[in-house]
Amino acid sequence: MEFNVRRLAADAGTFLSRAVQFTEEKFGQAEKTELDAHLETLLSRVESTKHWTEKIMKQTEVLLQPNPNVRMEEFLYEMLDKKVPMRANNHELLGECMIDSGHEFGPGTAYGSTLIKCGETEKLLGSAEKEFIQSSAINFLTPFRNFIEGDFKTILKERKLLQNKRLDLDAAKNRLKKARVADARSAAEIELRIAQSEFDRQAEITRLLLEGISSTHAHHLRCLNDFVDAQAAYYAQCYQYMVNLQKQLGSQNAIFPSTFSNNNQPAGSSSASISVPTAQPAASLPAPPPSQASPALNELRSTSGTRKARVLYDYDAASSSELSLLADEVGLHHVISDCHKMNHY
């Protein structure tokens, strides 16, 4: 008990001495021992590393899981040391929806079959996304988090000890300056030598830890390369899934040639097809003289959309069901062609 009381009194005295020294330094009433430039540079580098490591971690987590509510839920499970429940991601949910709707419309229809194929591909994309997230969390986020929660906390602890040892050293220097009696001065000198030795020892320990930040950067560089490789593999896999889907849909269009005209009609249906009349070829009209052919063809080539034709000669309607035409008049191709037929009849 006596030992504990004495130890407590000594600790209280040390704490009070440091508080007084710190306060006097803030008010400019006491000198402060400055750290060497190399140590200050290392401290600044470590602080910068901690700052950017946290920002990169945060943005990577947003990339891997954009939903903030899900991120909070996963954080709570991690704090409680419980396993995060498995849930379907957006690709998998969309895939299930497409597959269900495809079965509802009928796998034998062009639309239903395409929905099922797209849904299966979406589920493959969802599975690839889960693998990418898991790989990135293990090989990229975990090492970064270990630095923040492990190495950096150790550095903070040693830096705080260095700060305390510096305060003890400066307090001992001040007591030596104020000592007037020989015995007090001799005791102050011994205290100063002890404080200087402890400060130098702690400065060396802190320096060695801070210099280890280069190894941390090298380790994070390897993790970054792993993250890039994981991204490249993930996107390449997704691209391959989509290329395969395109090929499946292309072969399906060959099986269902009327897909866009009648999506809900079952394959192999015997219903009558709708014939679309096509315009008569331009070769059925009399060829113009060579000197007039080039301007007419150039004008026709410049038009887009509806097919048009130029009237080559005048035509007077023989009845109310016909149209009168003038030479060089431009009109719809099938109208002019019909008039041409009537003329021949």
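Visitor: Are F132 and Y234 buried or exposed, and what makes a residue count as one or the other?

Guide: Both F132 and Y234 are buried. That word is used because the relative accessible area is under 20%, while exposed means over 50%. Keep in mind that this is a predicted model.

Visitor: Why is the pair of F132 and Y234 called stacked?

Guide: Let's check two values. Two rings pair if their centres lie within 6.5 Å, and planes under 30 degrees apart count as stacked. F132 and Y234 have 4.8 Å centre to centre and 10° between the planes, so the pair meets both cut-offs and is stacked.

Visitor: What makes this pair a tie between parts of the chain?

Guide: F132 lies in helix 5 and Y234 in helix 7 (residues 213-255), so the pair ties together parts that are 102 residues apart in sequence.

Visitor: How do you know that F140 and F227 are stacked too?

Guide: Their ring centres are 4.5 Å apart and their planes stand at 15°, so this pair is stacked. F140 belongs to helix 5 and F227 to helix 7, 87 residues apart. F140 and F227 are both buried.

Visitor: What makes a cluster out of such pairs, and which residues does it hold?

Guide: Ring pairs link F132, F140, F144, F227, Y234 and Y235 into a cluster. The whole structure has 7 aromatic pairs.

Visitor: Which residues line the largest pocket, and what kinds are they?

Guide: The largest pocket holds about 1600 Å³ of space. Of its 37 lining residues, Q65, E74, V84, I133 and A137 are the closest to the centre. The lining divides into 19 nonpolar, 6 polar and 12 charged residues. Helix 5 gives the most, with 11 residues.

Technical notes. Residues numbered from 1 in each chain as written. Predicted model: local features only at pLDDT ≥ 70, side-chain atom pairs only at ≥ 80, totals over all residues. Heavy atoms only, no water. 1 Å grid on protein atoms, 1.4 Å probe; cavity = no way out; pocket = protein on both sides within 12 Å on 5 of 7 lines; lining within 4 Å. Points joined across faces, edges and corners; volume = space filled by probe spheres on them. Helix = DSSP H or I, 4+ residues; strand = E, 2+ residues; numbered from the N terminus. Nonpolar A, V, L, I, M, F, W, Y, C, P; charged D, E, K, R; others polar. Phe/Tyr/Trp six-rings, centres within 6.5 Å; stacked < 30°, edge-to-face > 60°. Buried < 20%, exposed > 50% of the residue type's maximum accessible area, 1.4 Å probe, protein only.
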